[in-house]
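Visitor: Hey, can we walk through this one together? I'd like to poke at the side chains and the odd bits of backbone.

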Amino acid sequence: MARFTKADAVSHALQSPLIPVFYHAEEPYARRVLQACYEGGVRLFEFTNRGPNAFEIFTDLQQFVEAEYPDLMLGAGTIYTVEEAERFISAGADYIVQPVIGAEVAALCQQQDLAWLPGVSTLNEVYQASQLGATFAKLFPAAMLGPNYLKTISAPLPKVRFMATGGIQPDAETMAAWMQAGATCVGVDSRLLQTQDPAALTAQVRELLAAMQPKAAQ
């Protein structure tokens, strides 16, 4: 049985809306990044299936997370097929992120009450993802589309929750702009995730999360 449900993913994202989107071929390096992000307040972390040993590293990370950070949701990203989704779910994936909309993957996640985040960029895709039960519609490539695009596309579908990701600059002003445009959460990639100085990464994550909170809460 999964550790977390779709509702848990929403709750985590509302509380901690910065989601690192990360891959590295060496597990110790990946673990340092994950630790630094967790210390900064991250509670949703996406490890992408982008290398030949991605599954093995993910499995090791998941075991580490369950032992040390039981409140962290570790998701599997860059999942295309239902076979890939089944494999990562069997290794403990707490949610599944797709670059595309896969109906079979959607159905699998629905059956297991796991959060499903499919990639979208058009209104038709957002609607299709919503109809298939997306927990968040993953707006990609967000940096090319911009916060104003999110405002426009979400207007006719106000109940859809969005994760903006893809080329987003990891600075406070940009993060705040996406949240003000209506994103529930924002995915950041390797531009943020450097571990030459884990303490600096932790500090930056804290700064970004602070910038992403509603103005009334600051």
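Visitor: Let's start with Asp 71. Is that residue buried, partly exposed or exposed?
Guide: This is a predicted model, to say that up front. Asp 71 is partly exposed, because its relative accessible area is 32%.

Visitor: Which residue does Asp 71 form a salt bridge with?
Guide: With Arg 43; the closest N and O atoms are 3.2 Å apart. That pair links distant parts of the chain, 28 residues apart. Asp 71 sits in the loop between α3 and β3, and Arg 43 in the loop between α2 and β2.

Visitor: And how does Arg 43 count for accessibility?
Guide: Arg 43 counts as partly exposed, at 22% relative accessibility. The cut-off for buried is under 20%.

Visitor: OK, how many salt bridges does the structure hold?
Guide: Four. One of them is Arg 87 with Glu 56, with the closest N and O atoms 3.9 Å apart. Arg 87 lies in helix α4 and Glu 56 in helix α3, so this pair ties together parts that are 31 residues apart in sequence.

Visitor: Are those two buried or partly exposed?
Guide: Both count as partly exposed: Arg 87 is at 44% relative accessibility and Glu 56 is at 41%.

Visitor: What does Glu 27 form a salt bridge with?
Guide: Arg 31, with 3.0 Å between the closest N and O atoms. Glu 27 and Arg 31 are four residues apart in helix α2, so about one helical turn separates them. Glu 27 counts as buried at 15% relative accessibility, whereas Arg 31 counts as partly exposed at 29%.

Visitor: What else is Glu 27 in contact with, leaving aside neighbours within four places in sequence?
Guide: Ile 57, Asp 60 and Leu 61. Glu 27 itself is in helix α2, which covers residues 27–40.

Visitor: Switching to sulfur. How many disulfides does a search of the whole structure find?
Guide: Zero.

Visitor: Why is there no bond for Cys 109?
Guide: Because the closest cysteine sulfur, in Cys 185, is 15 Å from the sulfur of Cys 109, and that is too far for a bond. Cys 109 counts as buried, at 1% relative accessibility.

Visitor: And what's the nearest cysteine sulfur to Cys 185?
Guide: That of Cys 37, 15 Å away, and Cys 185 is in no disulfide. Cys 185 is buried too, with a relative accessible area of 0%.

Visitor: Now helix packing. At what angle do α9 and α10 pack?
Guide: About 35°, with their axes 8 Å apart. Helix α9 covers residues 172–180 and helix α10 covers residues 198–211. Their crossing is right-handed.

Visitor: Which residues make the contact?
Guide: On α9, Ala 172, Met 175 and Ala 176; on α10, Glu 207, Leu 208 and Ala 211. By class, that gives five nonpolar residues, no polar ones and one charged.

Visitor: What about unusual backbone? Where's the cis peptide bond that involves Pro 141?
Guide: It joins Phe 140 and Pro 141, with omega about -5°. Pro 141 lies in the loop between β7 and α7. As background, most peptide bonds are trans.

Visitor: What does Ser 121 touch, if I skip residues up to four places away in sequence?
Guide: Leu 139, Phe 140, Leu 145, Tyr 149 and Ile 153. So Phe 140, from that cis bond, is among the residues Ser 121 touches. The C-alpha atoms of Ser 121 and Leu 145 are 8.3 Å apart, for residues 24 places apart along the chain.

Visitor: Where is Ser 121, and how does it count for accessibility?
Guide: Ser 121 is in the loop between β6 and α6, and it counts as partly exposed at 21% relative accessibility.

Visitor: Last topic, phi. What is phi of Thr 78?
Guide: Near 55°, a positive value in a residue other than glycine. Thr 78 is in the loop between β3 and α4 and counts as buried, at 14% relative accessibility.

Visitor: And what is phi of Asp 113?
Guide: Near 55°, again positive in a residue other than glycine. Asp 113 lies in the loop between α5 and β5, and at 31% relative accessibility it counts as partly exposed.

Conventions:
Residues are numbered from 1 along each chain as its sequence is written. This is a predicted model: local features need pLDDT of at least 70, side-chain atom pairs count only at pLDDT 80 or more; totals for chains, interfaces and linings use all residues. Side-chain values use heavy atoms; hydrogens and water are left out. Helices (H or I, at least four residues) and strands (E, at least two) are DSSP runs, numbered from the N terminus. Contact means heavy atoms within 4.5 Å. A salt bridge is a side-chain nitrogen of Lys or Arg within 4 Å of a carboxyl oxygen of Asp or Glu. Buried means under 20% relative accessible area, exposed over 50%, partly exposed in between (1.4 Å probe, protein chains only). A disulfide is a pair of cysteine sulfur atoms within 2.5 Å. Axes are lines fitted to C-alpha atoms, for helices over the stretch in contact, and angles run from 0 to 180 degrees between N-to-C directions. A crossing is left-handed if the near helix is turned anticlockwise from the far one by less than a right angle, and right-handed if clockwise. Ala, Val, Leu, Ile, Met, Phe, Trp, Tyr, Cys and Pro count as nonpolar, Asp, Glu, Lys and Arg as charged, and the others, Gly among them, as polar.
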